[in-house]
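This briefing is meant for a reader who is meeting the structure for the first time. It takes up a pocket and a surface patch in turn.

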Amino acid sequence: MGGSPKMLQYWRLYMLAGVLGIGGSFQYGIQVSVIASPAVHVQGFVNCTWLWRYNAPVDDSTNQLIWSFIVAVLSLGAWVGAIHSGSLPVTHGRKKALLFNNVVAIVAALVMLFSRMAKSFEMILLGRFLYGYNVGLGLSVHLMYLGESSPKKLRGFLTLTTSIFISLGKISGQIIGIKEIMGTEEMWPYLLAVSGVPAILQFVTLLFFPDSPSHLYIDKGDVEGSKRALQWLWQQEDLKLELQDMQKERASSQGEKLKTVKDVLGSRCVRWQLLTLAIPCAGVQFCGINALYFYAFDIFHESGVPADQMHYFAIGLGATELITVTLCSFLIDHSGRKKLMAYGYFLMGVIMSILTVMLSIKDLNSWIPYVNIALIFCVIGIYGLGPSGVSMALPADLFLQAWRPSAYVISGTISWLSMFLLGMLFGYIVNGLGQFCFMVFVVYCIMSSAFLIRFVPETKGKTMVEIMEDFNKLNFKNSGADTETSDNGFETKF
């Protein structure tokens, strides 16, 4: 009887999750998917612009190179944004960092909107870079802000809404990109400028919310401000335990400067947290999900799906990911992060192995392509239930306040640079290996699963200090010494 009212008392926190999502990870999802629809129109615009400037059409290789940079420059912008996520949210607070980030997205939208009028494809490149910056900074600060504002019993569910908004952004970009809505030659500048709308929404609504309680208490030392923020977000007067937890975390870093990227990379006391962040979380790009989306169109074609209907099947794939990620949000605080992610990676590896075999014998029988379609939907469903959601939720559990911003810089660097490299090299991998390219991703999935099962402790329902204590058993496993809490969280005592 008391469970439902207790959950409803956090309605303001749920609203914060929605506001952060619409201007945060939603922007990532929509930028990944929306660029596919106007590809032909943008390449035509590049050709027309080239012809207008130089009185000669652009050759195909140059046009393809320009288009590749338009697609890939998003990752480079995101990397720069991720680097700044280690300083802006600390110096100016999570809230002000996001407000600034929204201004960047609005400027990017205006640049896109006027690119055709200015007859400049360079403006599209600039707009995509600015969108990338918005995505890289926004995604990291979104996770920090939401994780630091959530009670530990809801932290997994709420941080996983990051993945829900990514999936929602993907399917939204796919829907508005169809020719019946905005996927036409006349509408493509408006389609590329659409991310300005979520940015305006977040900018206006975020003004009514307080900054992160943990940032106020631990970074700024504003105990009363942190307490007021928690009372407003949680609708709860008794905050003694939460304030004690923040006091412990503040005490563990008292007198210490904010940790740098070099500190995170070189410190023994966060070694296994860093490995957990890098291998199964930031490295999620190597699980093969983008390869599946790429191959899906070929498999749909082989199954007899008409070319003009393939876009709707792609929307079905996006809907599958959205539904399963949403389901994951209800399972994560019951099943735990470790099980969902580890078994998810394992099943993805097994099914992609089967898919590789089936693609190799696709011509033996007419029903095999339909099995391949089912296998693709299965892999995407499992990805949504496990790795997709948990890769966003788990990093919020791994680091104390002093380490978190720099850890997110490392995570963003790995994630965005790997996305850039895969985007540039994937075509060559497919040409060289064909359907056997999936075996590269199978190896990653199986290794990540084994790593999670063997080494990573469960973080469900634990405070940051308790999680650090669990990881400390790994960090100092062979030191032959006892460990005790110190300035940086823990030190070895001989």
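Helices here are DSSP runs of H or I with at least four residues, and they are numbered from the N terminus. By that numbering, Phe203 is found in helix H12. The model is a predicted one, and the points below are grouped by topic.

**The second largest pocket**

- The second largest pocket holds about 630 Å³ of space, and its lining is made up of 31 residues.
- Among these lining residues, Lys152, Leu241, Glu242, Asp245 and Thr463 are the ones that lie nearest the centre of the pocket.
- At least two lining residues come from each of helix H9 (121–149), helix H13 (213–219), helix H14 (223–234), helix H15 (240–252) and helix H26 (464–475).
- Helix H15 supplies the largest share of this lining, with eight residues.
- In terms of residue character, the lining of the second largest pocket comprises 14 charged, 10 nonpolar and seven polar residues.

**The nonpolar surface patch**

- Val103, Val107, Ile200, Phe203, Val204, Leu207 and Phe208 together make a nonpolar patch of about 620 Å² on the surface.
- Two or more residues of the nonpolar patch are given by helix H7 (94–113), and likewise by helix H12 (196–206).
- Of the elements that contribute, H12 gives the most to the nonpolar patch, with three residues.

**Phe203**

- Phe203, a member of the patch, has a relative accessibility of 30% and therefore counts as partly exposed, since that class lies between under 20% for buried and over 50% for exposed.

Definitions and conventions
Residues are numbered from 1 along each chain as its sequence is written. This is a predicted model: local features need pLDDT of at least 70, side-chain atom pairs count only at pLDDT 80 or more; totals for chains, interfaces and linings use all residues. Side-chain values use heavy atoms; hydrogens and water are left out. On a 1 Å grid over the protein atoms alone, a cavity is a set of points where a 1.4 Å probe fits but cannot get out, and a pocket is an open set with protein on both sides within 12 Å along at least five of seven lines; lining residues have an atom within 4 Å of a point. Grid points are joined across faces, edges and corners, and a volume is the space filled by probe spheres set on the points. Ala, Val, Leu, Ile, Met, Phe, Trp, Tyr, Cys and Pro count as nonpolar, Asp, Glu, Lys and Arg as charged, and the others, Gly among them, as polar. Patches are made of residues with over 30% relative accessible area and no salt bridge: like charges are joined within 9 Å, nonpolar side chains (Val, Leu, Ile, Met, Phe, Trp, Tyr) within 5 Å. Accessible areas come from the Shrake-Rupley method with a 1.4 Å probe; for residues, only the protein chains shown count as cover. A salt bridge is a side-chain nitrogen of Lys or Arg within 4 Å of a carboxyl oxygen of Asp or Glu. Buried means under 20% relative accessible area, exposed over 50%, partly exposed in between (1.4 Å probe, protein chains only).
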